[in-house]
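User: Hi! I am new to protein structures and would like to learn how to read one step by step. Could you guide me through an example?

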Amino acid sequence: MGATANPQVLDPARVARARSAHRRKRLDRIGDGALYTVCLLAALLAIATILLIGYQVVHGASPAISKYGLGFLTDSTWQPNFGEFGAGSLIFGTAVSSFFALLLGAPIAIAIGLYLSLLAPSGVRGVVAPLVEMLAAIPSVILGFWGVLVLAPFVQGTLEPFLHDSFGFVPIFGAPETTGASVFTASLILTIMVVPIIASISRDLFTAVPRDVQDGASALGATRWEVVRGVVLPSTSSGIVAASLLGLGRALGEAIAVAQVIGAGSEIQASLFKTGDTLAARIANQFPGALTEMHKSSLFYLGVILLVIGLASNLIAQWIGRRFGDAGGALR
Amino acid sequence: MSDAGFDPTAPLTPSGNLRRRRLFSRFAESGATAAAVLAVAVLGIVVFTVVSRGASALNLDFLIKGAPAGIGPELVGTAIIVGIATAIAMPIGVLIALFITEFAGSRATNVVRLTLDLMNGLPSIIIGLFIFGLLVNHRKPSGFAGSVALAIIEVPLIARGSQEVLMLVPPSLREAADALGVSRWRAVLGIVLPTALGGIVTATVLSVARAAGETAPLIFASFIFDPGEYSLNPFESLPNVPVRIFQLSEEANPTGFAEAWGLSFVLVSLILFASLGARALLARSKKRMAS
């Protein structure tokens, strides 16, 4: 309207209006630009943070990387007093504890997902689903503390002797230690941590399976289990794998709770009932009291290994989610 | 279905193979139910232990005094660290969410989302190492370094939660603003953000609940440090709840355990109430926006 104002007619009100409209338009242009810039900067900051994290961790590890090279990954000696470091037993401990956590946790979590999406009456679902998610909200340090004082004595006094007596011929169920601190206890704590993650993702996956396909199977005479086995699980299998990988990522990276219950052992042992240690737990336990720069740098090197494994499992999970469609919605 | 042929008077009950399939199905159903019961039971046991052992330690002196009688300094320290972290993370998280919903094309959206997912999946101990290398090494440990670490944990949670509610803002509102010739930034600040405010607050509260219990990054940023008295300067080391629990759990000391149970009780109840309340709020505001 400012542009159409006739300059011949010098109506002061009209001129003022035109001016203010002009000013507002300029302000709007600045405002739009500023908002866009700030939003863009925030997004770039997030990307920069991820890159910087990678850089800092590798940078901190560089003395140890140049000294030990890739041999660090297989060497199992860890003696800070003599300046000898190797991640072999820690990689082993991380793999074993996370593997058993997933072996126990994934079936339980998938069963919970099935229960919440297909079986539970809606009233029960509204109560149980938040409770399962609450399990993920309990801080790991408290879960670890509970593990030390409540779970570990039970595991050491009851569960481990029972498993040893019944299945002692399998080397993983060796004689229990005198304290409850063991790889097995750590696996149980990690199980408690991965279950809610996998359960909530798989619930979303199962809920998204089209109802009429399931009804079709039922109409053909399939029992409820056969519907699950023949329709629900096959159509969501890639999503379940992705969910399990996310759970695995959580288990691999958990430091505090594991540091509390695993007992900080330094040997590779077949028995689950012995003490062990993981990459993350070793960093948490020793970093505050690190003796030398090389000790610190070696702990950073453990961080590099952890970062690579963690990012890889996360990226693969994302990739599966995108590649095989069905999990895409539920994973974010 | 025996060789007796079809018997129209036989009762309509499953037999043979069908009976076995039904039984197996029933068995699988009870297995799934048992799994859910197990998870709830574990939560119940953990919470019950924390409450029953922690509540006895609780009284006013315990909450406000310093060591060895109380946990006041730790509570204040955690409040300061998490407060600063949230003050950093909330604007950044909301701006990232706005970038995704308002400005980014599909490729930029993918990149930013992937970044957020990776940030979210990062082990918190790695964030601790990062903060040590960035802010603590060759300088001194501080509560502020801990805040930055917790902010990195909070940002993806806030961004994702906010993005979800921003997507739920009815398109008709934006269209109405466009039709009135309202510029983008006015529409965002005046219409979109206020509509989504409930969800943004919820996401922030949930992220605070998550950050308040994080221990690993604080070990690197603030070190294991507990003078037993109040300290308020965020540029020095601050005593805080999670690290104190960690420290006490590593020492075999019964009075220390009692204090740790008390700390756990306070922390768990704050976190559970915050997340339950936030979830209820989210469900309500989502319902309101959808209708």
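Analyst: Happy to help; we will go from the whole chain to its domains and then to the contact between chains. Please keep in mind that this is a predicted model.

User: Let's begin with the building blocks. How many helices and strands does chain A have?

Analyst: A good habit is to list the elements in sequence order. Chain A has eleven helices and zero strands, and reading along the sequence gives α-α-α-α-α-α-α-α-α-α-α.

User: Is chain A a compact globule or more spread out?

Analyst: Here you compare the radius of gyration with what the globule rule gives. For the 332 residues of chain A the rule gives 20 Å, but the radius of gyration is 28 Å, well over that, so chain A is more spread out than a compact globule. You can also look at the box filled by the C-alpha atoms of chain A: along the principal axes it is roughly 105 × 70 × 35 Å.

User: Into which domains is chain A divided?

Analyst: Domain 1 covers 1-69 and domain 2 covers 74-331. Their C-alpha centres lie 43 Å apart. Nine residues of domain 1 are in contact with ten residues of domain 2. On the domain 1 side of chain A, the touching residues are seven nonpolar, two polar and no charged.

User: Now the two chains. How many residues does each of chain A and chain B bring to the contact?

Analyst: Chain A brings 72 residues and chain B brings 71. On the chain A side, helix α1 (residues 12-68) gives the most, with 20 residues. Sorting that side of chain A by class gives 52 nonpolar, 15 polar and five charged residues.

User: How do I read one pair of helices, say α3 (residues 122-137) of chain A and α1 (residues 16-54) of chain B?

Analyst: Take the axes, then the handedness, then the residues. The axes of α3(A) and α1(B) come within 9 Å and cross at roughly 55°. Angles from 35 to 65 degrees fall in the oblique class, and α3(A) and α1(B) are therefore oblique to each other. The crossing of α3(A) past α1(B) is left-handed.

User: Which residues make the contact of α3(A) with α1(B)?

Analyst: From α3(A) come A:Val128, A:Leu131, A:Val132, A:Met134 and A:Leu135. From α1(B) come B:Ala36, B:Ala39, B:Val40, B:Val42 and B:Leu43.

User: And how do the residues of that contact divide into nonpolar, polar and charged?

Analyst: The contact of α3(A) with α1(B) has ten nonpolar, no polar and no charged residues.

Note on methods:
Residues are numbered from 1 along each chain as its sequence is written. Chains are lettered from A and ligands numbered from 1 in the order in which they are written. This is a predicted model: local features need pLDDT of at least 70, side-chain atom pairs count only at pLDDT 80 or more; totals for chains, interfaces and linings use all residues. Domain bounds come from an automatic or database domain assignment. Two residues are in contact if their C-beta atoms, placed from the backbone, lie within 7 Å. Ala, Val, Leu, Ile, Met, Phe, Trp, Tyr, Cys and Pro count as nonpolar, Asp, Glu, Lys and Arg as charged, and the others, Gly among them, as polar. Helices (H or I, at least four residues) and strands (E, at least two) are DSSP runs, numbered from the N terminus. Axes are lines fitted to C-alpha atoms, for helices over the stretch in contact, and angles run from 0 to 180 degrees between N-to-C directions. Angles under 35 degrees count as roughly parallel, over 145 as roughly antiparallel, 65 to 115 as roughly perpendicular and the rest as oblique. A crossing is left-handed if the near helix is turned anticlockwise from the far one by less than a right angle, and right-handed if clockwise. The radius of gyration is taken over C-alpha atoms; the globule rule is 2.2 Å times the number of residues to the power 0.38.
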